[in-house]
Amino acid sequence: MNFLSMEYFTTVANEKSFTKAAEKLHITQQTLSSHIANIEKEVGCRLFVRHIPLELTYAGQVFLQYAADFRQKYASMMQEFQDISENQKGILRIGIAYTRGRTIMPMLIEKFLEIHPYYEVRLVEDSNEMLQKYVLNGDVDLAIANFPESIPGIELHPFYFEEIVLLIARPLLEQLYGEETQHTIRKIENGDLSVLQNCPFVLGSPDDITGSIGRHFLRQANLTPVVKAQSDNVETILSMCVRGIGACFCPENLMKMTLSKSQISRLRGFRLSGAAKYQIRFGVLQQNYQWNAISEFMKIAVEAFPGS
């Protein structure tokens, strides 16, 4: 049994299919099946129930825990020896949400590669919930997300604060409220969202941080919104808001990085209460040794990002 055996087994367990795992590993299905059969022979137990999809036996679940631990320790060992030998190159895997990745990562990767040109940065884009799993499974070296205050097994470091703002296209305000527009704006500025009862909205998903916070403020105002559209993609929501399809909630920094100056000028923004502000953190696996590349990226990101 060797490192490849662990890698092959973990891939099959995650994909629940020899065919998909073989494609991902770029080997033949016959080679992969032979490796798994040899592992089962060596440990003396069946590790998979061979039906579609594949299912781990109890022995397979136990072996998966050891395999994951082995992979993490092996990766940590190789990273430490890279630092000892001052071999400043490698692949840094960073997990981040789609829109946040689109808006902040190009600048951060550029800054990092200016100082460390021999590294490759590999982005893994997914939801906050999945990013936690990727860190714990060792599938990414570092994740940037709206993490909870604490997560067992993950070491958290502060990065910057995001603040959700309410955005409404100026023409939509004029169309809805006419001569009462300025009066309505003052009421919204004073925290009274109830005046938006007849205003259409484009909202994020309830499971998304933006959609969740937006709905929180609407509930506080006892307002049942007229929802015209819903999307998990903040950029899509912003585009619809600029076109006057509806008001939206959006992180202010993402709005500034996503929209042009002329698009921003079409919008009227409103700050909300303290509940609209939340911390974005770095998350790394808790282990005895932390790769210098991870520390360097976090340091450069904090120095380079205007919201830090």
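Let me begin with a definition: a residue is called buried here when its relative accessible area is under 20%. With that cut-off in mind, and remembering that what we are looking at is a predicted model, take serine 17, which counts as buried because its relative accessibility is 16%. Serine 17 sits in the loop between helix H1, residues 3-15, and helix H2, residues 18-25, and, if we set aside residues up to four places away in sequence, serine 17 touches Val12 and Leu54.

Leu54 will come back in a moment, but first the chain as a whole. The protein chain has 13 helices and eleven strands, and its C-alpha trace spans about 80 × 45 × 30 Å along the principal axes. Of its 308 residues, 46% count as buried, and among contacts with a separation of 6 or more, 72% are between residues 24 or more positions apart.

Now to the interior. The largest nonpolar core has 65 residues, and those with the most contacts inside it are Phe159, Leu166, Leu196, Phe201 and Phe297. Strand E6, residues 154-169, gives the most to this core, with eight residues. Apart from it lies another core, of 18 residues, and here we meet Leu54 again, among them together with Ala21, Ile39 and Leu56.

Turning back to leucine 166, and leaving aside its neighbours within four places in sequence, its contacts include Ile188, Leu193, Leu196, Phe201, Phe249 and Phe270, and also Arg268 and Gly269.

Finally, the surface: the accessible area of the protein chain comes to about 16,200 Å², with 50% belonging to carbon and sulfur atoms. There are 30 positive and 34 negative side chains, and the centres of these two sets lie 4 Å apart.

Technical notes
Residues numbered from 1 in each chain as written. Predicted model: local features only at pLDDT ≥ 70, side-chain atom pairs only at ≥ 80, totals over all residues. Heavy atoms only, no water. Helix = DSSP H or I, 4+ residues; strand = E, 2+ residues; numbered from the N terminus. Buried < 20%, exposed > 50% of the residue type's maximum accessible area, 1.4 Å probe, protein only. Contact = heavy atoms within 4.5 Å. Areas by Shrake-Rupley, 256 points an atom, 1.4 Å probe, with all protein chains shown as cover. Lys, Arg positive; Asp, Glu negative; His and termini not counted. Charge placed at Lys NZ, Arg CZ, Asp CG, Glu CD. Core = buried A, V, L, I, M, F, W, Y, C linked by side-chain atoms within 4.5 Å.
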